[in-house]
Amino acid sequence: MGKGSFKQRFRILVLAMIFIALCIFVGGFWNIFSQMSEIRQLESRIDSKEHVVYGRRGNIRASDGSPLAVSINLYELHIDFATEGFDRVGFKKEFSKTVSQLSKILKDRSSYQYKLWLQKGFKKRSRYYPLTKQKVNYSTLEKIRAIPFFSQSKYKSGLIVSKKALRSYPLNFKLGRTIGRLNRENLDGEIQASGKYGLEEGFQDILKGGKGIYRKERASSGWIRNLVEKPEVGSDVVTTIDIQIQDAVENALGTKVMQTKADWGSAIVMDVHTGDIVALSNLELNKSDRLIEGRQNYAIGNAGNIEPGSTFKLASLLTCLETGKIDTSKVYDTEKGIWQVADQKVRDSDWKEGGHGKLNVSEIIQKSSNVGTAKMVTDVFGDHPDQFINRLYYLKLNEPFHINIKGLGKPEIRHPSQENWWGTTLAWMSFGYGLKMTPLHTLTLYNAIANDGVMMEPRLVQCIQNQKDGVTERFPTTVRVNSIGSQKTITEIQKILEEVVEHGTARRLKTSKYHFSGKTGTAQIAVKDKGYVSSAYYASFVGYFPSDHPRYSCIVVIANPKFHGYYGGQIAGPVFREIADMLYSYDVNIHQKDEVVTAPLRKVGAPKYHGFLDDIKSVYGFLEVDTLLKATTSLVRVENKDGKTRSYNERIKKHIVPDVKGMSASDAMFLLENRGYHVHLSGKGHVIKQSVKAGTKLKDGGHVYLQLY
């Protein structure tokens, strides 16, 4: 091998080694670079976190806008004594002042108790130590943040603030089964609350707030929270509930349930012409005989699917008259109050006194004769019972209602084609046994009689609205059955139902102030596998008022009253009468018949208003009122003087009690409580009087009593 060849191969070897070394170097560098990139991406993910946040849940309101269910913000306070930056020196230095100020602000412990409490957490270096057991409002939170030690950054003070948007029911109505409740209490944060039952569940998609996004990024001072996408506030559900009528219904029904020690009581009031449910109550007694909200929605739910008893005789009368085979003068012999049907006996309530003998159709209903009703229906439909049932189906008494609440009761009305139809079924069904209906179904039928034969679909929600767009959806009144019978039949039944009160089983309820119409009902309660209980009854009364120009219909059902009797006229009737008396004095429209307006409608100015600017814009948009709002503050007052609308700014000064007269209960509570005052409500509606005069100096923690109407 020559010398030159050796040198050449040596150079190739050196170059190869250099190339290999270079590859190793570049590969190592690239590997380090890739790892650094991955590390930076990982750090980016660690130092920047995106979270979903939900907007405030919408409110459920009464027909006048008063809050039935609202979301309010409260705050839970904790201290992290083990955080790296906790100012232990400052804590010891400011300790005496801190516990003293906490005691004055929160008023739940003395200074000495706070001293012992905080020393315990400090010594243990607790990470999530509760500062106080109570949840505080925003005003109280700001006062605590103003304490010198807590005015530092949260890393030095250790103060942890958790916002909790809680569901509140400020008017304290026992409407929970209808309004509903929530599965979760955290309504504003990373958890979206969902309705458990009632309107809260039925309108979950409407009420729930929209999704938003916030990003948490790590900075030298700690985590910084930035809102990336603002969440939308949930829309409000506006019901047909009238708070004045609801209050009267609960008072009258509750008194009777307590007096009679009944298992439960239920009452509904409906607007005759619209089908609007203006009041609905379910009440019962707990083990301590205290009045509580019904554990079931007996008025409209499955638990209220009961045998209606004598109130169902109206349906039997209607179907018989509509065939044209009989009229109200037709006479039936009720004998001595007992009639044998197959192997069973139909009895009138007073059969032991010898019965009523011969009665015409009108008198059968007035005296609520079971025998007379059974004979009438058997006479007309005995050969074709399917025709009787088909007429009941035409009235839709077998169909559920279209109310957006889970668990609505579906009636049970058997057909002759079914296996459980017996030879006695038609007779017993004629006076309300052997079938099941909710009180709302019974009321809807009577409401149709009051409405001259037009059966309205019951309505509980009138519209959906939000702060941004005002009313976004309306639920119009709808007709369920165009005509339940001929005008002749309806007029005859109206007269008979008025006679029931004037001369029949409800005669003790009549009043000289006005006339009302209705029907008593008393039905034995059946227990599964045990048959009918001789000493347990449903007492009911259903009707409408005033008789000559009906405005409201109402049904009252009392289950198993144990004192003061059990007949519908004795127990349920007086509750109906008390509700009717209240409405007669409350609603001026009852005192005069509806008149046709022939004069042209004139444009009205904006109504008087006191509250928040965003709300008034929404209200005026809904009313289609043209007005120029010159006010610029968030709180405004609007008045209509001499046909001109004027708006005024309302400015709130610290430690000065604002004027809340004219405000809704929710607005007044929000304004006063966020300024540190304790608010006490009396009555329902809007504020008409406040205990502390507007403009008065009042320290934080002072008490303000509000009278509502």
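Threonine 83 lies in the loop between S3 and H2. This is a predicted model. At 16% relative accessibility, threonine 83 falls under the 20% limit, so the residue counts as buried. Leaving aside neighbours within four places in sequence, threonine 83 is in contact with Arg127, Tyr155 and Gly158.

**The chain as a whole**

The chain has 709 residues, and buried residues make up 49% of them. Its secondary structure comes to 20 helices and 30 strands. Among contacts between residues at least 6 apart in sequence, 66% join residues at least 24 apart.

**Helix H4 and its surroundings**

Helix H4 covers residues 111–124. Its 14 residues should span 20 Å at 1.5 Å a residue, and the end C-alpha atoms are 20 Å apart, which agrees. Which residues of H4 are buried? They are Tyr114, Leu118, Gly121 and Phe122. Seen down the helix axis, these buried residues fall within an arc of 100 degrees, so they line one face of H4. An α-helix has 3.6 residues a turn, so residues three or four places apart point the same way. On the other side of H4, Tyr112, Lys123 and Lys124 are exposed.

The buried residues of H4 pack against four elements: strand S3 (67–79), helix H2 (88–93), helix H3 (95–106) and strand S4 (129–130). Just after H4, arginine 125 takes a positive phi of about 50 degrees.

Valine 99 sits in helix H3. Its relative accessible area is 5%, so valine 99 is buried. Beyond four places in sequence, valine 99 touches Ser111, Tyr114, Lys115 and Leu118. Tyr114 and Leu118 are among the buried residues of H4. The C-alpha atoms of valine 99 and serine 110 are separated by 8.4 Å, and the two residues are 11 apart along the chain.

**Helix H10**

Helix H10 runs over residues 243–260. At 1.5 Å a residue, its 18 residues should span 26 Å; the end C-alpha atoms are 26 Å apart, which agrees. H10 is mostly covered, with 13 of its 18 residues buried.

What caps the N-terminal end of H10? Aspartate 242 does: a side-chain oxygen lies 2.9 Å from the backbone nitrogen of glutamine 244. Just after H10, lysine 261 takes a positive phi of about 55 degrees.

**Nonpolar cores**

The largest nonpolar core holds 114 residues. Val269, Ile484, Phe545 and Val556 touch the most other members. Isoleucine 484 is in contact with ten residues that include Leu318, Tyr394, Leu395, Leu445, Ile449, Met455 and Ile490, leaving aside neighbours within four places in sequence. Glu322 is also one of its contacts. A second, separate core has 22 residues, including Phe91, Val99, Phe122 and Ile144. Of these, Phe122 is also a buried residue of H4.

**Strand S30**

Strand S30 covers residues 703–708, and its side chains alternate. Val704, Leu706 and Leu708 point to one face and are buried. His703, Tyr705 and Gln707 point to the other face and are not buried. In a regular strand the side chains alternate between the two faces of the sheet.

Strand S29 (residues 687–690) pairs with S30 in the antiparallel sense over three bridges. Which residue of S30 is the bridge partner of valine 687? The partner is leucine 708.

**Backbone exceptions**

Most residues other than glycine have a negative phi, and most peptide bonds are trans. The table lists residues with a positive phi.

| Residue | Phi | Place |
|---|---|---|
| Arginine 125 | about 50 degrees | just after H4 |
| Lysine 261 | about 55 degrees | just after H10 |
| Glutamate 335 | about 55 degrees | loop between S14 (331–333) and S15 (338–341) |
| Aspartate 452 | near 55 degrees | loop between H16 (439–450) and S18 (455–456) |

Are glutamate 335 and aspartate 452 buried or exposed? Glutamate 335 counts as partly exposed at 34% relative accessibility. Aspartate 452 is partly exposed too, with a relative accessible area of 44%.

One peptide bond also stands out. A cis peptide bond joins phenylalanine 545 and proline 546, with omega about -15 degrees. Proline 546 is found in the loop between strand S23 (531–545) and strand S24 (552–559). Phe545 is one of the residues that touch the most other members of the largest nonpolar core.

Methods. Residues are numbered from 1 along each chain as its sequence is written. This is a predicted model: local features need pLDDT of at least 70, side-chain atom pairs count only at pLDDT 80 or more; totals for chains, interfaces and linings use all residues. Side-chain values use heavy atoms; hydrogens and water are left out. Helices (H or I, at least four residues) and strands (E, at least two) are DSSP runs, numbered from the N terminus. The expected span of a helix is 1.5 Å times one less than its number of residues. Buried means under 20% relative accessible area, exposed over 50%, partly exposed in between (1.4 Å probe, protein chains only). A polar contact is a pair of N or O atoms within 3.5 Å; within protein, one must be able to donate a hydrogen and the other to accept it, and residues adjacent in sequence count only if both atoms are side-chain atoms. The arc is that of the directions from the helix axis to the C-beta atoms. Contact means heavy atoms within 4.5 Å. Two strands pair if DSSP finds at least two bridges between them. A nonpolar core is a set of buried Ala, Val, Leu, Ile, Met, Phe, Trp, Tyr and Cys residues joined through side-chain atoms within 4.5 Å.
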